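Colleague: Got a minute to go through this one with me? I'd like the sheets, the core and a few residues.

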Amino acid sequence: MSDKYYLGFDAGTQSVKVAVYDEDQHCLAMDTAKTHLAYPQPGWVQMDVDEYYRLIKQCMASCSRQMEEKGWDVKNVRAIMGDGIICGIAGIDADGNAITPYVNYLDSRTADDVEALKAQKLAIWGKETGNAEPNIMFPAMFARWFMKNVPAWQEKGVKFVHNCPYVLMHLAGLKGEDAFIDWGAMSGWGLGYDVVQKKWSPEQLDILGIPERYMPRIVKPWDIIGRLCEEDAMETGFPAGIPICAGAGDTMESMMGSGILEAGRAVDVAGTCAMFCAATDGIIPELSVPGSNLIFNSGTLPGTYFYWGMVRTGGLALRWFKDIIAREEGDDYYGTLDELARRHQPGCDGAMFIPYLTGGNGDYPNVRGTFTGLTLDSDQGAMWRCVLEGIGYDYMEITDRYRKAGIDLTQLTITEGGSRDELWNQIKADMLDTKIVTLKVAGGAVPTNCIVAAYAAGDIPDLKQALQRQLEIKATYVPDENHTATYRRAYDKRENLLKALNGTL
């Protein structure tokens, strides 16, 4: 076994994950911890960014204990690399400490501001970012809200940062002025930057009213931004001085880990927020238009770009149904729900679920989560299948847009937690009329982070080749044409339902 180790973490919406891998991609230690979401007002969703820092240190300490118990020397960890949410920020002071809540893509408090900016119909957004209009998910909009509504920011705000860089800069003992962001996560801002030049756009920031001094410096994901500080070394059990990489966006790392390294490939990052991504060579004018509901970003690797559509309550809706409706907290119950759902035919005999539990989006801003078409035969299994299919219809909407723009979707790779659900994978294959594949190494972002860490440490010469070596298909799901036709008919009816629901509220 190799004696070169790398520590990676993922700072996600519902949980954090920390793991240590060797250079042969064997997992030596791993731990996870759940995060907490607060809902202070209708449409508001916020978190404590310091919780990410605490939980990651907690999981790091667990990993160091696991390694020592197994006889693996923590001194052999050669670099630390993390990833985090691309659409979410907090404001920090001169000491680097958070002085605002952490607000991410689930929040809709900026809706009125977004509509006001949209009304200006500015071409610069699409030209420089590939995103033709503002969106309530964009950190640029959260920054505007912080500046207007948070007195602590107005008094001592220094920088805006994403959750992964926040953790990394604290692990390294950095201050507010040292704040940074990698060039891929930078594009998570949605507005305010030039996606090709990979720099902040003075003209856009001026329109947004965000002084450039508040923006973190832009770096490469594998740049070393500092080293593990003495205080956190004592707390985590890892030696001080370990090089710390700049980190990356979770979607970018999941795409790389799924083999989406060049244009023409697609991946479903099936996490809390289901992100359906298609890689391109650059901006496609037909997709970078108002009303497309697609986001354009740059990837981790140089010269890589992708569009993605988001199902805002994808994994969150599944957890909601299991925890709140079925009232079962253990994750094993997902399997029980699948068995119950298999008793019902595709389309659930006309029953349907609208998954907008955190508010509507796109053309239907007034729609909320809804079950419809239920009968006395609609048991827990039928409702669970409705939830899975309800999310799938949002996938169909995105798929139609991609195909209309000429993007080949004959095969889709699914990664993250959703990839482990065989029923869910087959439903997606049928609904999207495409072959679905999952990977044997389905850890997604964290093992990919460790590969990037090895590259940063100089232990692998070619990052792209190292990523390609990890790919091995685990399972394939082929669409059933009869089921596909059933879902297409239901999809057409669903549009009328959404219009009716949107007009009644």
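Modeller: Sure, we can take the sheets, then the core, then some single residues.

Modeller: Keep in mind that this is a predicted model.

Colleague: What does the UniProt record place at residues 5-257?

Modeller: UniProt, in an unreviewed entry, has the feature "domain: Carbohydrate kinase FGGY N-terminal" there. Over residues 5-257 the chain is 35% helix and 25% strand. The end C-alpha atoms of that stretch are 18 Å apart.

Colleague: Sheets next. What is the order in the open sheet of four strands?

Modeller: The order is β4-β7-β6-β8, and the pairing is antiparallel. β4 (46-47) and β8 (159-161) each have a single partner strand, so one side of each has no neighbour in the sheet.

Colleague: Which helix packs on that sheet?

Modeller: Helix α4, residues 139-149. α4 touches β6 (88-92), β7 and β8. The direction of α4 makes about 35 degrees with that of β6.

Colleague: And how many bridges join β4 to β7?

Modeller: Two bridges, with the strands running antiparallel. β7 covers residues 102-104. Methionine 47 stands opposite tyrosine 102 in β7.

Colleague: What about the sheet of seven strands: which order, and what kind of pairing?

Modeller: That open sheet runs β18-β19-β17-β16-β22-β23-β24, with mixed pairing. Its edge strands are β18 (295-298) and β24 (473-477), and each pairs on one side only. The twist averages 30 degrees from one strand to the next.

Colleague: How is β18 held to β19?

Modeller: Four bridges join β18 to β19, residues 305-311, and the two run antiparallel. Asparagine 297 stands opposite phenylalanine 306 in β19.

Colleague: Which strands does helix α10 touch there?

Modeller: α10, residues 250-257, packs on the sheet and touches β16 (266-270), β17 (274-280), β18, β19, β22 (411-415) and β23 (435-439). The direction of α10 makes about 65 degrees with that of β17.

Colleague: Where does α13 lie?

Modeller: Across β16, β17 and β19. α13 runs at about 150 degrees to β19.

Colleague: Now the core. How many residues are in the largest nonpolar core?

Modeller: It has 150 residues. Those with the most contacts inside it are Phe160, Trp189, Phe238, Trp308 and Tyr402. Helix α13, residues 380-404, gives the largest share, 11 residues.

Colleague: Take Phe160. Which residues is phenylalanine 160 in contact with, leaving aside neighbours within four places in sequence?

Modeller: The list includes Ile89, Ala90 and Gly91. Ala143, Phe146 and Met147 are also among them. So are Trp153, Trp189, Ile210, Tyr214 and Pro216.

Colleague: What does the second core include?

Modeller: Tyr21, Met81, Val446 and Val452 are among its residues. That core is separate and has 22 residues.

Colleague: Switching to cysteines. How many disulfides does the count give?

Modeller: Zero.

Colleague: Why is there no bond at cysteine 164?

Modeller: Because the closest cysteine sulfur, in cysteine 245, is 10 Å from the sulfur of cysteine 164, too far for a bond. The cut-off for a disulfide is sulfur atoms within 2.5 Å.

Colleague: And what is the closest cysteine sulfur to cysteine 245?

Modeller: The one in cysteine 450, at 9.8 Å, again too far for a bond.

Colleague: Are cysteines 164 and 245 buried or exposed?

Modeller: Cysteine 164 is buried, with a relative accessible area of 2%. Cysteine 245 is buried too, at 0%.

Colleague: How many residues of helix α6 are buried?

Modeller: Nine of its nine residues, 163-171. Cys164 is one of them, and so are Tyr166 and His170. Glycine 173 follows α6 and has a positive phi, near 70 degrees.

Colleague: Two last residues. Where is threonine 448?

Modeller: In helix α15, residues 445-456. Threonine 448 is buried, at 3% relative accessible area. Apart from neighbours within four places in sequence, threonine 448 is in contact with Glu253, Met256, Gly257 and Leu467.

Colleague: And glycine 209: where does it lie?

Modeller: In the loop between α8 (202-208) and β12 (217-219). Glycine 209 counts as partly exposed, at 44% relative accessibility.

Colleague: Which residues is glycine 209 in contact with, leaving aside neighbours within four places in sequence?

Modeller: Arg144 and Met147. Glycine 209 and arginine 144 are 65 residues apart in sequence, and 7.4 Å apart in space, C-alpha to C-alpha.

Key. Residues numbered from 1 in each chain as written. Predicted model: local features only at pLDDT ≥ 70, side-chain atom pairs only at ≥ 80, totals over all residues. Heavy atoms only, no water. Pairing = 2+ DSSP bridges. Contact = heavy atoms within 4.5 Å. Axes fitted to C-alpha atoms, helices over the stretch in contact; angles between N-to-C directions. UniProt positions renumbered as here; feature names shortened; annotations may be inferred. Buried < 20%, exposed > 50% of the residue type's maximum accessible area, 1.4 Å probe, protein only. Core = buried A, V, L, I, M, F, W, Y, C linked by side-chain atoms within 4.5 Å.
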